[in-house]
Amino acid sequence: MKTVTLAVACLVLASDAFASSPTNSESESWRKWTQVGQAQLTVFLFDIYRSQLFTPSGHYALEQDISPHPLALSITYQRDISQQQLLDATLKQWAKLGYQKSKTSEWATKLETIFPDIEQGNNLTYVTDGSTGRFYYSHSEASQQLIGSIDEETFNDAFLAIWLSPETAYPQLRDGLIGRNQ
């Protein structure tokens, strides 16, 4: 169950709120950013996903705001995870972080229109400017496609809090992502 919760937390995606679709160069620009850190999520003996955090500078600013600057959270899954498992795990993580159920239910409804069923080897990447963000999905690292966006800063921060909040359920994963284990 923790496996599903973790996997879901990694894949929270949002609605197609951006009016225009990004150009190929915009959607790929984060790939030129420097890696801050990386982490492996393993529950019991099961590998769930590998995650990486990227920023333009290669540093993550520890501030009250979860996303004070542009960053990209990239997750490559090592097992199949259904859309429902992702949603359930995301909701569970938000509950642990203390978010109001009325708000998380609203966000989950939006994510339901975005989250795909995940197969082993698939990648989800969330790229944020610090206030809003876009989700990219790929079957291979070479071909990413925009699948949704978050246009509300509170939602953006709540999504990233699953991995980056000091109160995350997985502090060692957070430490790896923000470069403390490097």
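How many residues lie between β4 and β5 in their hairpin? There are four, and one residue in the turn, glycine 130, has a positive phi of about 110°. That hairpin is a good place to start a tour of this predicted model.

## The chain as a whole

Welcome to a protein chain with six helices and six strands. Following the sequence from its start, you meet them in the pattern α-α-β-β-β-α-α-β-β-β-α-α. Of the 182 residues in the chain, 52% count as buried. The chain exposes about 8,700 Å², and carbon and sulfur atoms supply 47% of that area. If you look at contacts between residues at least 6 apart in sequence, 67% of them join residues at least 24 apart.

## How far to trust the model

The average pLDDT over the protein chain is 85, and 82% of the residues score at least 70. One stretch calls for care: over residues 1-26, pLDDT stays under 50. The model does have 93 contacts beyond four places in sequence for this stretch. Still, where pLDDT is low, the predicted coordinates should not be read in detail.

## The sheet

The six strands form an open sheet in the order β1-β2-β3-β4-β5-β6, with antiparallel pairing. At its edges are β1 and β6, each of which pairs on one side only. On average, neighbouring strands of this sheet are turned by 20° against each other, direction ignored. As background, strands of a sheet pair through backbone hydrogen bonds, either parallel or antiparallel.

Let's also visit the loop between β1 (34-43) and β2 (46-55), where phenylalanine 44 lies. Phenylalanine 44 has a positive phi of about 55° although it is not a glycine. Is this residue, phenylalanine 44, buried or exposed? Its relative accessible area is 73%, so phenylalanine 44 counts as exposed, the cut-off being over 50%.

## Strand β4 and its neighbours

Strand β4 covers residues 123-128, and six of its six residues are buried. Both of its faces are covered. On one side are Asn123, Thr125 and Val127, and on the other Leu124, Tyr126 and Thr128, all of them buried.

β4 has a partner on either hand. With strand β3 (residues 71-77), β4 pairs in the antiparallel sense over six bridges. Within that pairing, threonine 76 has asparagine 123 of β4 as its bridge partner. With β5, too, β4 pairs in the antiparallel sense over six bridges. Here threonine 128 stands opposite glycine 133 in β5.

## Out to the edge: β5 and β6

Moving along the sheet, strand β5 (residues 133-138) is joined to β6 by six bridges, and the two run antiparallel. Two partnerships help you find your way. Arginine 134 has serine 149 of β6 as its bridge partner, while tyrosine 137 is matched with glutamine 145 of β6.

β6 is an edge strand, pairing on one side only. How many of the seven residues of β6 (residues 144-150) are buried? Five of them are, so β6 is largely enclosed by the rest of the structure.

The loop between β6 and α5 holds aspartate 151. With a relative accessible area of 44%, aspartate 151 is partly exposed. The C-alpha atoms of aspartate 151 and threonine 132 are separated by 4.8 Å, although these residues are 19 apart along the chain.

## Two helices that cross

Two packed helices are described by the angle between their axes and the distance between the axes. For helix α4 (residues 101-112) and helix α5 (residues 153-164), the axes come within 11 Å and cross at roughly 80°. That angle falls in the range of 65 to 115 degrees, so α4 and α5 are roughly perpendicular to each other. Trp107, Lys110 and Leu111 of α4 make the contact with Thr154, Phe155 and Ala158 of α5.

Helix α5 also contains phenylalanine 159. Why does phenylalanine 159 count as buried? Its relative accessibility is 1%, and buried means under 20%. Along the chain, phenylalanine 159 and glutamine 93 are 66 residues apart, and their C-alpha atoms are separated by 9.5 Å.

Note on methods
Residues numbered from 1 in each chain as written. Predicted model: local features only at pLDDT ≥ 70, side-chain atom pairs only at ≥ 80, totals over all residues. Heavy atoms only, no water. Buried < 20%, exposed > 50% of the residue type's maximum accessible area, 1.4 Å probe, protein only. Pairing = 2+ DSSP bridges. Contact = heavy atoms within 4.5 Å. Areas by Shrake-Rupley, 256 points an atom, 1.4 Å probe, with all protein chains shown as cover. pLDDT = per-residue confidence, 0-100. Axes fitted to C-alpha atoms, helices over the stretch in contact; angles between N-to-C directions. Parallel < 35°, antiparallel > 145°, perpendicular 65-115°, else oblique.
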